[in-house]
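Work through the exercises below with the sequence and the 3D structure at hand. Each task is followed by a solution in steps.

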Amino acid sequence: MLYYHKAMSKTVEAFAKINLGLRILGQRPDGYHEIETLFQSIDLHDTLTIERMQEQKISLEIKSPWVLPNGRTNLVYRAAEAVLAHAGVRAGVRVSLTKRIPVGAGLGGGSSDAAATLVGVNELFGLGLSDEQLEVLARQLGSDVPYFLRGGLCRGRGRGEILERLPSRWEEQMFLLVQPDCALSTEEVYREHDRLLAQGWRPPVARLWDGMDCANDLEDAAIRLCPMLRELRQAVQALHPDVWGMSGSGPTYYAVWSLPAQAEHAVQVLTQKGYTVYCVHPTPKGYELAKET
C-alpha cells in the first residue's frame, strides 16, 4: 500500500531556457539529430499547481494567452500520467498551469512544464523517486525535458539529453530576449535545415563569447521559414551587444550588453520597433518548488 504525503497540493515554478549556441553534428539512426549546445535556465517562468484527486484521472486547466491542448497531446498531461503509472499511484491529479513562457519561441516552455510536473507529483505524493529515476521518465517525454530537472549552465549532447553541468558564469548578468510576432515548429526548422544542407549550405563560423561558441546552425533555416527574423537580427546587431544569438529553433533572440545603460537603450529601441522584449536573469536550477505554508 502506498502512503501519501500529507500535502494536498504543490506549486512549482518552471523556468525557461536559452540556448547559447547550437551545433548540429549529423543525423542519428533513430531519426533525430546529434547536437551540441549550451543550455542556460532563466527566471522567465510558468507556474504549475498540482492537487491530489481521489478519482484516478488527470485534469489539466490552462491559463494562457496562447492556445494549448489540455489532453494527452500536452506534455504536462503525459508527464503526470507517466509518473503516476510508474509509481503505481491509485489516485489522480488536477494541474493548473499558468503560462508566461511564449509558445513556439525556442525557450523550452513545454519541456520545462513537463519536468516541473514530474517533480511536483513526486513531491505531492511523497514517492521518493530519485533524480535518476525522474530523468528516465523525462527522456521518454522529450529531448529537452531532462535538462530542466537540473537547470543552470549545462552542455547538452546527443539529442540534448546527455548533460554536463558547468560552473555558473553569469549570475548577475541580464539577458534581453527579443521576440517577433511569429512562432516556429522545432520539427519544421530541423527539416528546413536538412533541406538547406542538401542544397550545399554550410554552417556559420564560430561566434565566441566568454570562450563559448554562440553560433546557431538552425538560424538560417528559421529565417527561411520566418523572413522577419532577418530584420530582427539586423536590429539586434545594430545595437552592438557583447553577444547575441537565436535561442534553440527560434524565433527568439537573446542579447547581452556589459553596461546597464546600453541594455536600457536597447529595450527602448526594440520595443519601439514592435518587438516583445523580456529582461531576464540566469537561474541555478530548472525549477523552484514553492515553500509550504
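**Exercise 1.** Decide whether Trp 170 is buried or exposed, then describe how its ring pairs with that of Trp 209.

Solution. Step 1: Trp 170 has a relative accessibility of 5%, so it counts as buried (buried means under 20% relative accessible area, exposed over 50%, partly exposed in between, with a 1.4 Å probe and protein chains only). Trp 209, at 13%, is buried by that definition too.

Before going on, note that this is a predicted model, in which local features need pLDDT of at least 70 and side-chain atom pairs count only at pLDDT 80 or more, while totals for chains, interfaces and linings use all residues. Residues are numbered from 1 along each chain as its sequence is written, and side-chain values use heavy atoms, with hydrogens and water left out.

Step 2: A pair of aromatic rings is described by the distance of the centres and the angle of the planes. Rings of Phe, Tyr and Trp (its six-membered ring) pair if their centres lie within 6.5 Å; planes under 30 degrees apart count as stacked, over 60 as edge-to-face and the rest as tilted. A search of the whole structure gives 7 aromatic pairs. For Trp 170 and Trp 209 the centres are 5.0 Å apart and the planes are at 15°, so this pair is stacked.

Step 3: Locate the partners. Trp 170 is in the loop between strand 6 (162-165) and strand 7 (175-179), and Trp 209 is in strand 8 (residues 208-209), 39 residues apart. Helices (H or I, at least four residues) and strands (E, at least two) are DSSP runs, numbered from the N terminus.

Step 4: Ring pairs join Trp 170 and Trp 209 with Phe 175 and Tyr 254 in a cluster.

**Exercise 2.** Classify the ring pair of Trp 244 and Tyr 253.

Solution. Step 1: The ring centres are 6.4 Å apart. Step 2: The planes are at 20°, so the pair is stacked. Step 3: Trp 244 and Tyr 253 are both buried.

**Exercise 3.** What surrounds Thr 283, and which polar contacts does its side chain make?

Solution. Step 1: Thr 283 is in the loop between strand 12 (276-280) and strand 13 (287-289). Its relative accessible area is 9%, so Thr 283 is buried.

Step 2: Apart from residues up to four places away in sequence, Thr 283 touches Phe 15, Gln 40, Ser 41, Ile 42, Asp 43 and Gly 152 (contact means heavy atoms within 4.5 Å).

Step 3: The side chains of Thr 283 and Ser 41 form a polar contact of 2.7 Å. A polar contact is a pair of N or O atoms within 3.5 Å; within protein, one must be able to donate a hydrogen and the other to accept it, and residues adjacent in sequence count only if both atoms are side-chain atoms. The Thr 283 side chain also reaches the backbone oxygen of Lys 285, at 2.7 Å.

**Exercise 4.** Check the span of helix 1 and describe its ends and its cover.

Solution. Step 1: The expected span is 1.5 Å times one less than the number of residues. With 13 residues, helix 1 should span 18 Å; the end C-alpha atoms are 18 Å apart, so the two agree.

Step 2: At the N-terminal end, Asn 74 is the cap, with a side-chain oxygen 2.8 Å from the backbone nitrogen of Val 76. Just after the helix, Gly 88 has a positive phi of about 70°.

Step 3: The buried residues of helix 1 include Leu 75, Ala 79 and Val 83. Their cover includes strand 2, strand 3, strand 4, helix 2 and helix 3.
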